[in-house]
Amino acid sequence: MAFPVSGCPGGAFPLEARSARQRGCVGAFEAYQRRAISLHGVSGPAALAAAVGELRELEAEVSSAGMTAAERRSLTFTLSSVMINLASDAGSTEDLRAGVTWATRLLHEGEAPATLVAQAEYNRANGLAGIFAAEEASSREPGAADPAGPVYRLAHLDGLREPRMLYRRVGADLLAPLQTRGMALCNLGNLLDDSGRWVEAY
């Protein structure tokens with residue numbers, strides 16, 4: 001299943017803690033942010049495995065680092081974005097689930113701003129769709145090059161229901177960044193297209 005726009009394209013990392021940075025309170029936050037973003041886009045099995053391992057270490061460190069709640073939320077979003085992208089490239093359902101868990105954590109925080117909530121929903125949708133794609137790929141015969149199609153999806157109708165719902169919600173959310181809304185609608189169209197729901201997709 002193709003995702004022409006990733007969960008964290010360049011410039012899509014929200015800096016909710018910008019006001020803290022403007023006051024000069026950067027330190028740990030910017031150091032962690034740079035480390036996480038530097039892992040985005042690596043390729044090759046060994047590099048992917050190393051990057052995923054470092055992301056897990058970063059997530060554990062961030063949870064206990066001396067930062068504001070806003071900084072921790074922003075970093076959690078960034079970590080989930082990078083993890084979901086890398087895990088999608090690697091086809092790792094375990095690492096995709098970790099990225100989904102980190103994004104979902106933001107949805108349960110009552111103090112997260114609406115913009116960040118929408119972006120976390122977008123990440124959760126990407127992660128869940130990635131898990132479905134990885135499971136779909138693993139169901140094929142070894143060596144088969146069958147593209148994503150409606151046959152498997154018709155047999156697993158519930159698998160993409162939540163991602164579609166989340167993409168629709170983010171795409172219609174007037175408080176979400178325009179770029180995120182556009183990517184959500186694009187990914188929704190891809191899911192519908194790959195599932196044989198062409199009229200809805202186009």
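How are α5 and α6 oriented relative to each other, roughly parallel or roughly antiparallel? The legends below take up this question and others in a predicted model.

**Figure 1. The pair α5 and α6 in the predicted model.** The axes of α5 and helix α6 (residues 114-138) lie 8 Å apart, and the angle between them is about 160°. Angles over 145 degrees count as roughly antiparallel, so α5 and α6 are roughly antiparallel to each other. Their crossing is left-handed. On the α5 side, the residues that meet α6 include Leu96, Val100, Ala103 and Leu107. On the α6 side, the residues that meet α5 include Ala120, Glu121, Gly127, Leu128 and Ile131.

**Figure 2. The pair α4 and α5.** Helix α4 (residues 69-90) and α5 have axes that come within 8 Å and cross at roughly 155°. The two helices are therefore roughly antiparallel to each other. The crossing in which α4 passes α5 is left-handed. From α4, the contact is made by Arg73, Thr76, Phe77, Leu79, Ser80, Met83, Ile84, Ala87 and Ser88. From α5, the residues in this contact are Asp95, Leu96, Gly99, Val100, Trp102, Ala103, Arg105 and Leu106.

**Figure 3. Surroundings of Glu121 in helix α6.** Is Glu121 buried or exposed? The relative accessible area of Glu121 is 9%. Buried means under 20%, so Glu121 is buried. Apart from neighbours within four places in sequence, Glu121 is in contact with Leu107, Leu166, Arg169 and Val170. Glu121 is also among the α6 residues that meet α5.

**Figure 4. Surroundings of Leu128 in helix α6.** Leu128 counts as buried, with a relative accessibility of 19%. Which residues does Leu128 touch, not counting those up to four places away in sequence? They are Val100, Glu162, Pro163 and Leu166. Pro163 is 35 residues from Leu128 in sequence, yet the two are 6.2 Å apart in space, C-alpha to C-alpha. Val100 is one of the α5 residues that meet α6, and Val100 also takes part in the contact between α4 and α5.

**Figure 5. Helix α1 and the stretches of low confidence.** Where in the protein is confidence lowest? It is lowest in helix α1 (residues 18-22), where the mean pLDDT is 45. Confidence is highest in helix α5 (residues 93-107), at 96. Over residues 14-25 the pLDDT is below 50, and the model gives this stretch 22 contacts beyond near neighbours in sequence. Residues 1-12 also stay under 50, with 42 contacts beyond four places in sequence. Where pLDDT is low, the predicted coordinates should not be read in detail.

**Figure 6. The protein as the setting for the close-ups.** How many helices and strands does the protein have? The secondary structure comes to ten helices and zero strands. The mean pLDDT of the protein is 82, and 76% of its residues reach 70 or more. Of the 202 residues in the protein, 46% are buried. Among contacts with a separation of 6 or more, 70% are between residues 24 or more positions apart. The protein has an accessible surface of about 9700 Å², and carbon and sulfur atoms account for 56% of that surface.

Terms used. Residues are numbered from 1 along each chain as its sequence is written. This is a predicted model: local features need pLDDT of at least 70, side-chain atom pairs count only at pLDDT 80 or more; totals for chains, interfaces and linings use all residues. Side-chain values use heavy atoms; hydrogens and water are left out. pLDDT is the predictor's confidence in each residue, from 0 to 100. Helices (H or I, at least four residues) and strands (E, at least two) are DSSP runs, numbered from the N terminus. Contact means heavy atoms within 4.5 Å. Buried means under 20% relative accessible area, exposed over 50%, partly exposed in between (1.4 Å probe, protein chains only). Accessible areas come from the Shrake-Rupley method with a 1.4 Å probe; for residues, only the protein chains shown count as cover. Axes are lines fitted to C-alpha atoms, for helices over the stretch in contact, and angles run from 0 to 180 degrees between N-to-C directions. Angles under 35 degrees count as roughly parallel, over 145 as roughly antiparallel, 65 to 115 as roughly perpendicular and the rest as oblique. A crossing is left-handed if the near helix is turned anticlockwise from the far one by less than a right angle, and right-handed if clockwise.
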